[in-house]
Amino acid sequence: MKPGWEMVIGLEVHCELRTATKLFCGCPNLFGDEPNTNVCPVCLGLPGSLPVLNQKAVELAMAIGTALNCEIRPSTFHRKNYFYPDQAKDYQISQYDEPINVDGYLDLPDGSRVGIERAHMEEDTGKTTHAGASGRIHGADYSLVDYNRSGVPLVEIVSAPDMRSSAQARAYATELRAMLVASGASDGKMEEGSMRVDANISVRRSSDDPFGTRCEIKNLNSVRSLGRAIEYEADRQIAIIETGESVVQQTRHWDEDAGRTQTLRSKEDAYDYRYFLEPDLVPLVPDGEWIRAVADTMGMMPAARRSRLVDLLDPAGEVSDSQADQVATVVDLGLDDLVIAAVANGVGSGLALARTANEAATDAEAARKVDPDSYVALLTMEDSGALTATQSKTVLADLLAAGGGDPAALAAAKGYEAMSEDSLASAVAEVVAAHPDAWGRYCSDDEGDRKKMAGMLTGLVMKATRGQADGKAVAAELQRLRG
Amino acid sequence: MTKPAPLTRDDVAHVAALARLELTDEELDLFTGQLAEVLDHAADVAALDLSDVAPTAHAMAVTNVLRPDEVRPVLDRDEVLAAAPSVEDHRFRVPRILGEAP
């Protein structure tokens, strides 16, 4: 971002809901099936068919509204009319001026708050493939349409133009995705299109200036693309303004390979959707009891789960950056219950978090399924010094592979036994005797030298004991010998 | 209530273009007159004092019509595609599209 400029970003996120069926008909809501196998008269727009609203979709929309601190209110559905074959009936049913969720917010891990203007329900479109010489949209000879996705329930979440950097926009998309997954509303798979992000971007010289003319960027298929596209687009707009010209309001397409945005259409050919109330659907009026019942079924949201872990580490909330990263990783991977269980059983919170974020996280799928009792038992062994860190990590890998088991038996099978204090002391003494120079420098007053030699001597002890010695115990013994 | 601007021939041509309808000059004249009469009728309703009447979203005073999230039978693909004018690769083949979906 060029100095002297500020970007203003708002994001529109489309999220496919995890229902068994589509929004207005009983066709399966499944990704990746054979084309046109999950279709019926309603989602094919055949004459005489009538839409009936899916209760589960409504409840997931309400869950999203609740998680985003929105007001959940009476809503209606409209027909958005446009001529394009991705909807067989030539209109999309969407909520227009009376959406189900309004006026919420999402708090990001860095403490900033992004306003949510609305989160409304609508149906997804079919999937068009543009065939022809180039295989791309421009120059396609004809298109092929698969209506399996047509009618899949979506919630579109529209943020306020509250973001000021690509990093903040990425953090918002990441946090929103985690929230959608945690609330059970979506699987959050950007690569399968179940979460799609469009970005509205403008630039201005000062935060006191009014908003500049914005462009909308589509085709952002990952959080990384989102960040790149925003940076590119802001630079493009700044260059235009600096040459004395004006940004034209338009929709632009992000080309991931080329690393740039290209124009799709300008405001002049904006669609005239002729919205009108969908006469085949009646208003949706959730009462307080229903809204509370939905909220009661929801698990904790990521922000609350992160602060629960931070509380374990330090009730005052003071944790290092690296621990904050570990907390984010553990919550993101859904492994926080393992840390909670370990700490509840007396394992040190720092160790429980580090093992979970650094080792268990490398195979999160297995870690989510592992028997928590086995996991806690292993960490207890390490915490008490019965296993060294290295041994514990090796046993953990076996534990994850097996889905559980007795960590003591697994450790014994590997020949891991905690060294007795006596054999550890004699191993240290032997190394010290064999390396008088190193020992001398360790005993010197030079702080840096002492640290360097401590590392070297510990390494030698580890080598001599083939990794069975506990590093911390070795350091303590060296300290004791030095006096 | 202020009366909306009268319907023009250009309005009708615009709406026809949105609906992909090709109208002759004679038809444009004909439909401009006919549609203006329909709108005049709506204007009669708009002229009434309805300040005491709550807005309604639907002719029936019914809300929350919902169905359970249960899978129902789908159509047979061969039958579905047999009704399409053109098919390729088990998909509906449609004329070339300019631009991207709205």
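Me: Is A:Glu6 buried or exposed?
Reply: This is a predicted model, so let us go by the computed value. The cut-off for buried is under 20% relative accessible area. A:Glu6 has a relative accessible area of 19%, which means that this residue is buried.

Me: Where does A:Glu6 lie, and which residues is it in contact with beyond its neighbours within four places in sequence?
Reply: A:Glu6 belongs to strand E1 of chain A, which covers residues 6-16. Its contacts outside that stretch of neighbours include A:Met1, A:Arg164 and A:Ser207. A:Ser202, A:Val203 and A:Arg204 are also among them.

Me: How is the size of an interface often given?
Reply: People often quote the accessible area lost when the parts come together. Here, chain B and chain A bury about 4,200 Å² between them, with 61% of it on carbon and sulfur atoms. Chain A brings 61 residues to the contact, and chain B brings 35 residues.

Me: How many salt bridges are there between chain B and chain A?
Reply: The count is one salt bridge. A:Glu34 and B:Arg77 form a salt bridge, their closest N and O atoms being 3.6 Å apart. Polar contacts are counted too: 19 residue pairs, both at pLDDT 80 or more.

Me: Which element gives the largest share of the side of chain B that touches chain A?
Reply: That is E3(B), with five residues. By class, this side of chain B has 17 nonpolar, twelve charged and six polar residues.

Me: In what sense do strand E2 of chain A and E1(B) pair?
Reply: Strand E2 (residues 53-54) of chain A pairs with E1(B) in the parallel sense, over two bridges. For A:Asn54, the bridge partner in E1(B) is B:Arg67.

Key
Residues are numbered from 1 along each chain as its sequence is written. Chains are lettered from A and ligands numbered from 1 in the order in which they are written. This is a predicted model: local features need pLDDT of at least 70, side-chain atom pairs count only at pLDDT 80 or more; totals for chains, interfaces and linings use all residues. Side-chain values use heavy atoms; hydrogens and water are left out. Buried means under 20% relative accessible area, exposed over 50%, partly exposed in between (1.4 Å probe, protein chains only). Contact means heavy atoms within 4.5 Å. Buried area is the accessible area (1.4 Å probe) that two parts lose on being put together, summed over both. A salt bridge is a side-chain nitrogen of Lys or Arg within 4 Å of a carboxyl oxygen of Asp or Glu. A polar contact is a pair of N or O atoms within 3.5 Å; within protein, one must be able to donate a hydrogen and the other to accept it, and residues adjacent in sequence count only if both atoms are side-chain atoms. Ala, Val, Leu, Ile, Met, Phe, Trp, Tyr, Cys and Pro count as nonpolar, Asp, Glu, Lys and Arg as charged, and the others, Gly among them, as polar. Two strands pair if DSSP finds at least two bridges between them.
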